[in-house]
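Open the model in your viewer and keep the selection tool at hand. The stops below are given in the order to select them.

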Amino acid sequence: MKIRTPRLLVTALGAALFAVACSGGSGSNGPEGYSYNGPGSAWSVLLSDDGEFTIEARDTLEDDPFLTVEGSYERHDNGFIELTVEDADGTDAPDPGDKGMAIEAPGFAFLLRPLGGSGELYPMVSSGECPDADVTANWMMMTCNNGGDSCEANNTGRDFFGTFAYDESTDTATLPSRYALEAATSQGSNPVGTASCSEGVMEVTDALMYLTENEGAIVQISPDDHDDAQHVMALPAEAMVQTDLAGTYVGMGFDKSDDSSFALSMTMNAGGTSASIFQVSDTDLENATPGSGAGTIAVTAVNMVGAAASDGWFTGTLTVSPDPARPIYCMAANDVGDSGKNMLLCIGQSPGDATEFYNLVLVSAD
């Protein structure tokens, strides 16, 4: 059984915001609010302090927008954001009244769900500033579009998560460790590239990186070919205390086996050893009232990936009855970007199909 959500949202805005999501993102806290932009085409999102948002899409950073969307948003205390379109112009423009959904760690990350209940969840991190110190982070795959064996979640030669490092003095990015989802098989290290970072963007051969001054990162692989696009998102790597995982979270999930995405809440017990996941109605994001049970996570190790020590990761099993338990790997970071929000980003094999991957993105609910 797959976790599903009612497809209540409108396809038109789904197409527009799906494209925003494909671009990835980034955000900074300026006098007008928080801005986010990122990979795909060149997309930007501004959440103004007056409750209005603006989305612009460009073919490249230098081009004029081919799509502009304006409207209002509501940032709920629990971490959900609801967006309502008021005006839009350009390619695949949505209609007034269309709605969108996202979660946010203000000033650090903005993660968008495509409307209509389908498509990958796309990350955005704070824009406009390059790191002023070395970065040590964890990363996971959020888009893998090149299909075939190379994106199969049980492929022991395919990396889906690992660690990320950026050397500020040499402008060099690397992936010191990479792992397959199947039994956390090590894929070794891999260089990303060396290039100067400008206004939070670093371009190397066959990859585009969106970096922040608060240890966030998105790497877009094959940026010139959307059919082969791969996006990964990174969180700061920090040693975790298992009991600190306890609490209630809200967020979204994505199941590659049927391209479904859904709103959810999750409660982690006091010991940080197990979690219960519940569906949340798209029309009840403010309250995030837990609906029917949608799965459980049993945590088996912290600060470990397989047999290897790795700060900020916990290993577990995801069970969605009646499907078998599947391995899941989650990276956790507290108070990311001084936002007051804790984040959990998870990747594993789909409960219904071990050949497809599965994401959970969550923020602490206040």
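Strands here are DSSP runs of E with at least two residues, numbered from the N terminus. This is a predicted model.

Start with Leu-318. This residue belongs to strand β22, which covers residues 308-319. Leu-318 counts as buried because its relative accessible area is 1%, and the cut-off for buried is under 20%.

Next, select Gly-348, which sits in strand β24 (residues 343-350). Draw a distance from its C-alpha atom to that of Leu-318: the two are 30 residues apart along the chain, with 8.0 Å between these atoms. Gly-348 is also buried, with a relative accessibility of 2%.

Keep Gly-348 selected and add Asp-255. Along the chain the two are 93 residues apart, and their C-alpha atoms are separated by 9.7 Å.

Now go to Asn-78, in the loop between β5 (67-75) and β6 (80-90). Is Asn-78 buried or exposed? Asn-78 is buried, since its relative accessible area is 8%. Show its side chain together with the backbone of Glu-286: a polar atom of the Asn-78 side chain lies 2.9 Å from the backbone oxygen of Glu-286.

For the last stop, turn to the surface and select Glu-129, Asp-132, Asp-134, Glu-168, Glu-199 and Glu-213, which form a negative surface patch. Within this selection, pick out Glu-168. Glu-168 lies in the loop between β11 (161-167) and β12 (172-179). Its relative accessibility is 32%, so Glu-168 counts as partly exposed.

Note on methods: Residues numbered from 1 in each chain as written. Predicted model: local features only at pLDDT ≥ 70, side-chain atom pairs only at ≥ 80, totals over all residues. Heavy atoms only, no water. Patch = residues over 30% accessible without salt bridge, like charges linked within 9 Å, V, L, I, M, F, W, Y side chains within 5 Å. Areas by Shrake-Rupley, 256 points an atom, 1.4 Å probe, with all protein chains shown as cover. Salt bridge = Lys/Arg side-chain N within 4 Å of Asp/Glu carboxyl O. Lys, Arg positive; Asp, Glu negative; His and termini not counted. Charge placed at Lys NZ, Arg CZ, Asp CG, Glu CD. Helix = DSSP H or I, 4+ residues; strand = E, 2+ residues; numbered from the N terminus. Buried < 20%, exposed > 50% of the residue type's maximum accessible area, 1.4 Å probe, protein only. Polar contact = N/O pair within 3.5 Å; in protein donor to acceptor, adjacent residues only side chain to side chain.
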